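Subject: Handover of a structure and the findings on it

Dear colleague,

Please find below the structure that I am handing over to you, together with its sequence. My findings follow directly after it.

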Amino acid sequence: FDRTKALLDMGDVHVTAMGGTGTFSEFAMAWEVAYLHYGHNKPLVLYGSHWRKFLDAVDKHVLLRKDEYRVYKVIDKKEGVIEYIRDLSSAEKTWL
């Protein structure tokens, strides 16, 4: 928990790539924090097309509010992640 909290506190943008249970845990925590602080949350990026299948399964088997999906962005290619981060406007940088 301490490591994840430090990552969430220190990072300006959270990018989650493929990983194991630790990655899943960190993603879930970042997702919840982003949802709870929506409007003042740090951007949450899911890197890789594999996240779409994962999120489809979550949608089918977990009770979520529709607005919980608005806090992350799935980006398939690393160039897209870099472009997204570079293009964040100062208006979107509400955590600064």
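I begin with the first pair of helices. Helix 1, residues 2–10, and helix 2, residues 21–36, have axes that come within 10 Å of each other and cross at roughly 50°. Helix 1 is therefore oblique to helix 2. The crossing in which helix 1 passes helix 2 is right-handed. On the side of helix 1, the contact is made by R3, T4, L7 and L8, and on the side of helix 2 by E26, M29, A30 and V33. Sorted by class, this contact comprises five nonpolar residues, one polar residue and two charged residues. Please bear in mind throughout that the model is predicted.

The second pair consists of helix 2 and helix 3. Their axes come within 14 Å, with a crossing angle of roughly 65°. Angles from 65 to 115 degrees count as roughly perpendicular, and helix 2 and helix 3 are therefore placed in that class with respect to each other. Here, too, the handedness was determined: helix 2 passes helix 3 in a right-handed crossing. Helix 2 contributes F24, F27 and W31, which meet W51, F54, L55 and V58 of helix 3. The class count for this contact is seven nonpolar residues, with no polar and no charged ones.

One residue of that second contact was examined individually. V58, which lies in helix 3, has a relative accessibility of 11% and therefore counts as buried, the limit being under 20%. Once neighbours within four places in sequence are left aside, V58 is in contact with W31 and L64. As for distances, V58 and E79 are 21 residues apart in sequence, and their C-alpha atoms are 26 Å apart in space.

I turn next to the loop between helix 1 and strand 1, where strand 1 covers residues 14–16. G11 is placed in this loop and is buried, its relative accessible area being 18%. Between G11 and I82 there are 15 Å from C-alpha to C-alpha, at a sequence separation of 71 residues. V13 also has its place in the loop between helix 1 and strand 1. Apart from neighbours within four places in sequence, V13 is in contact with P43, V45, I85 and L88. The C-alpha atoms of V13 and L63 are separated by 26 Å, and these two residues are 50 apart along the chain.

The loop between helix 2 and strand 2 (44–47) holds N41. This residue, N41, is buried at a relative accessible area of 14%. A polar atom of the N41 side chain lies 3.0 Å from the backbone nitrogen of G39.

The last site is G48, located in the loop between strand 2 and helix 3 (50–61). Is G48 buried or exposed? With a relative accessibility of 8%, G48 counts as buried. Not counting residues up to four places away in sequence, G48 touches V74, I75 and D76. G48 and L8 are 40 residues apart along the chain, and their C-alpha atoms are separated by 20 Å. L8 is one of the residues through which helix 1 makes its contact with helix 2.

For your own inspection, I would suggest that you view the two helix crossings before turning to the individual loop residues.

With kind regards

Technical notes: Residues numbered from 1 in each chain as written. Predicted model: local features only at pLDDT ≥ 70, side-chain atom pairs only at ≥ 80, totals over all residues. Heavy atoms only, no water. Axes fitted to C-alpha atoms, helices over the stretch in contact; angles between N-to-C directions. Helix = DSSP H or I, 4+ residues; strand = E, 2+ residues; numbered from the N terminus. Parallel < 35°, antiparallel > 145°, perpendicular 65-115°, else oblique. Left-handed = near helix turned anticlockwise from the far one by under 90°. Contact = heavy atoms within 4.5 Å. Nonpolar A, V, L, I, M, F, W, Y, C, P; charged D, E, K, R; others polar. Buried < 20%, exposed > 50% of the residue type's maximum accessible area, 1.4 Å probe, protein only. Polar contact = N/O pair within 3.5 Å; in protein donor to acceptor, adjacent residues only side chain to side chain.
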